[in-house]
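Grab your viewer and a pencil. Here are a few short exercises, each with a worked solution.

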Amino acid sequence: MVFETLPDTTENLFTIAQRQFDRAADLLDLPAGLRGILRVPQRELSVNFPVKLDDGTTRMFTGYRVQHNLSRGPTKGGIRYHPSLTLDEVRALAMWMSWKCAVTHLPYGGAKGGVIVDPKQFSQHEIERLTRRYASEISLVIGPDRDIPAPDVNTNPQIMAWIMDTISMHQGYTVPAIVTGKPLTIGGSEGRHEATARGLVYILIEAVAHAGMNLAQTRVAIQGFGNAGASIARMLHALGATIVAVSDSQGGVYHPRGLDPAAVALHKEATGSVVDYPEGDQISNATLIELDCDILIPAALAQSINSARAPHVRARIVAEAANGPTTPEADEILFDQGVMVVPDILAGAGGVTVSYFEWVQGLQSFFWSEREVNAQLERVMQRSFHQVVQMAQQHQISLRTAAGALAVRRVADAVATRGIYP
Ligand code: NAD
């Protein structure tokens, strides 16, 4: 993962996350006490720490680790390196992780962390030192039984390896289950790299059937051609879908009869972007959202579908790979238009699900084949999709509200069952 842009509206992500929570809590008629507990993160750690740069000077950095709720098990969530990272953004992402883990029935609460840094401005050695120092600072709150980080925007398996090594050096022995998304050589899981894409495709197969459509006859537009987007394009193409458009931060490319994702990927590798791909027309990211297609997959940034763009969405299904790509206002517009929006906490849960499998494998020192990983992932995604659909049909609500309500109810039940200490 290398890039994500921040919201294009002024409303901060944590306010949005709380508004979505309130809606679920209203639906569940959640008592005020429980509502108060779940509306805010349980723990927040802010750290300011120095890093020696290659030129011998020292620079201060700020990082965070936020744990939203620990009632259902240890917390889980990525680490993001971004120059405009804020504590509120980390809080929102931590809360969403709680719901993502609950909707898929993973025995975790949600967490998120990050450092305010633009990694492109620093050398690999500097990023390694920053990572190791940040890992030391947050070692107060992370651990295989407490909180297990993973890669997120601008972090990757190598960064996870440095975190794992740093914590292992503190302990004096190797602690593989401290992070997930590790390289295979040190206890990573088969299938983890493509898990977000694969999970979304498993969900989409169910969603398309539910909508009475045939996947092989669908036309798909994908915003974002990174780890998630490019893999989704390749997998859907292999299943016979027509990929009519893809895009990255520079812009997009469109062909009504379909693009070959492998060829687009090669073009991107050679030129740094999908734009200028010769077998298609250039389009903007805004146009991509409004294209005549059956399935729209936002796989880039938060809030890319806002209330101005939503009325122009022509897809019948929107499957969210990105976290928070649809604003609450846009969500309502899409619901009123009859668009099936498969929400991020469900459609984008493949990554954390295989992270869970990696953690389990690490704890047991018993590793699965890729086929076993994918089969278990398919089981989790299918089950989760149908539970959310059932909830939506029962209450005549959107899949987002249903997924949120299902997840909030599971976390609230755990909190209520355990009781309030002391
Ligand atoms: P990535 O960095 O590999 O890819 C992001 C893509 O989005 C790149 O192609 C980039 O060029 C493009 N992009 C950036 N700004 C854009 C813009 N303004 N318009 C259009 N495209 C733009 O990241 P990724 O791992 O593919 O993640 C994509 C999204 O999915 C993120 O929101 C991430 O949080 C979410 N997600 C990822 C995972 C995972 O395991 N990788 C899991 C769950 C959710």
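**Exercise 1.** Which residues of strand β10 (residues 295-298) are buried on one side, and which on the other?

*Solution.* Keep in mind that this is a predicted model. Start with the general pattern: side chains in a regular strand alternate between the two faces of the sheet. Now apply that to β10: Ile295 and Ile297 sit on one side, Leu296 and Pro298 on the other. Each of these four is buried, so both faces of the strand are covered.

**Exercise 2.** Find the strands that pair with β10.

*Solution.* Take strand β6 (residues 219-223) to begin with: β6 and β10 run parallel, with 4 bridges. In that pairing, Ala221 is bridged to Leu296. Next comes strand β11 (residues 317-319), also parallel to β10, over 2 bridges. There, Ile295 has Ile317 as its bridge partner.

**Exercise 3.** Work out whether the UniProt "binding site" positions gather at one spot, and describe their surroundings.

*Solution.* The unreviewed UniProt entry lists Thr196 and Asn227 under that label. They span 32 residues in sequence, but their C-alpha atoms are no more than 8.6 Å apart, so they do gather at one spot. Thr196 belongs to helix α6 (residues 195-210), while Asn227 is part of helix α7 (residues 227-238). Now check burial with the 20% cut-off: Thr196 has 19% relative accessible area, so it counts as buried, whereas Asn227, with 24%, is partly exposed. Finally, beyond its neighbours within four places in sequence, Thr196 touches Ala228, Ala347, Gly348, Gly350 and Gly351.

Conventions. Residues are numbered from 1 along each chain as its sequence is written. This is a predicted model: local features need pLDDT of at least 70, side-chain atom pairs count only at pLDDT 80 or more; totals for chains, interfaces and linings use all residues. Side-chain values use heavy atoms; hydrogens and water are left out. Buried means under 20% relative accessible area, exposed over 50%, partly exposed in between (1.4 Å probe, protein chains only). Two strands pair if DSSP finds at least two bridges between them. UniProt positions are given in the numbering used here, feature names are shortened, and annotations may be inferred rather than shown by experiment. Contact means heavy atoms within 4.5 Å.
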